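Please take the sequence and the structure together, and follow the strands before turning to the cysteines.

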Amino acid sequence: MITAEDYRFHERDPGDDTWTETIFQIFSVPEAAISGNLYVLSRPNLGVTHCSVEIHQGLCLHPWQLHHNDAQMHLRCPDDYSDFTLSNGLSFKAHNEREHEWRYESRDGVCALELDYTAICEPTDARDPAQVPQAGDSKVQGYSGWNNGHLEGKGMVKGTLRLRDKTYRVNCVEGVNKSWGPRNDWGNKGATWVHVDLGEGMRAFMVLDIDFKDRAMVYGGLRYGYVLVNGERRPLLSGELIAKRYAMLVTSANARFEDDRGEVYSARGTTIAAGPWYNFNPSSCGYQVLLRWEGKQGVGHGHIADFVGMYALSQAMADELYE
């Protein structure tokens, strides 16, 4: 069960240099085809933090096409992970386990945002069998960062984004994520993080494995997830995702999943914004897309974020060595 204390640093072995805590907030302005990310990774035993603020509009195939890409590392680790301000201009405060706020202004003043998050359902503890029937088998293959303490949330994100000379109103339903535990970030695997949204009647979240077949990235089995049906949260027992890609980025996707009552849902997504986020963590890339989802229950917007280790990409995708 997730509590407000999970936004603080967790009890740990002070001699474990791999102990890592992360927090990740995604947001969007669908009417302007804008997708944004706020990510903080801290290693409190080493006293260091890495932070990335990334925002893109429309289809960006290359990192240099992203519209804001502020990634800074070896920042000083905050004393309190639930209430901090970093030297790159990002502030975070968790009021409780369901409400928190983000503030940011880049060093040059080109980008600023004020975002408030309010959960629309109880935060999910990925290791709690009361919330996740697959809890004993919910670990993602080979990705230690996902396999220790892990919080998944979905909520309203409201506020403003100022980027260059334009200001946007943010009013979306997006995800938040926090992780904690020992982890070696060597990028040997990946997983996908999927938010399907068909409006107030049906929203869903899934984590699936990522595999490679014939030098192409494909989705594997469901690790865990849930569906919100008119606000009622139901765990998923099965799910699948099939996608078409261009330059590693999903351009369209079909999602299908089944809840614990045997009800089956489906949705089709078409990408309206996409970008490769190569510096959210130096060991990995986030191939991230914002989709317009449609299905029997309605229409909405949500993300697919394929988090893949750079080592795994080299092993699966690089050309054969020549003599």
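Val289 stands opposite Ile304 in strand E19, and in this predicted model Val289 is also the bridge partner, within strand E18, of Ala274. Strand E18, which covers residues 284-295, thus offers a convenient place from which to read its two neighbours.

On one side, strand E17 (residues 264-281) pairs with E18 in the antiparallel sense over ten bridges, and E17 and E18 form a hairpin with two residues between them. E18 also pairs with strand E19 (residues 298-309), again in the antiparallel sense, over twelve bridges, and a hairpin with two residues between its strands is likewise formed by E18 and E19. As for solvent, E18 is mostly covered, since nine of its twelve residues are buried.

How many disulfides does the model contain? The count comes to zero, where a disulfide would require a pair of cysteine sulfur atoms within 2.5 Å. Cys60 is in no disulfide, and the nearest cysteine sulfur, that of Cys285, is 13 Å away. Cys60 counts as buried because its relative accessibility is 2%, which is under the 20% cut-off.

Why does Cys172 form no bond with the closest cysteine? The closest cysteine sulfur, in Cys121, is 15 Å from the sulfur of Cys172, and therefore too far for a bond. Cys172 is buried as well, because its relative accessible area is 6%.

Methods
Residues are numbered from 1 along each chain as its sequence is written. This is a predicted model: local features need pLDDT of at least 70, side-chain atom pairs count only at pLDDT 80 or more; totals for chains, interfaces and linings use all residues. Side-chain values use heavy atoms; hydrogens and water are left out. Buried means under 20% relative accessible area, exposed over 50%, partly exposed in between (1.4 Å probe, protein chains only). Helices (H or I, at least four residues) and strands (E, at least two) are DSSP runs, numbered from the N terminus. Two strands pair if DSSP finds at least two bridges between them.
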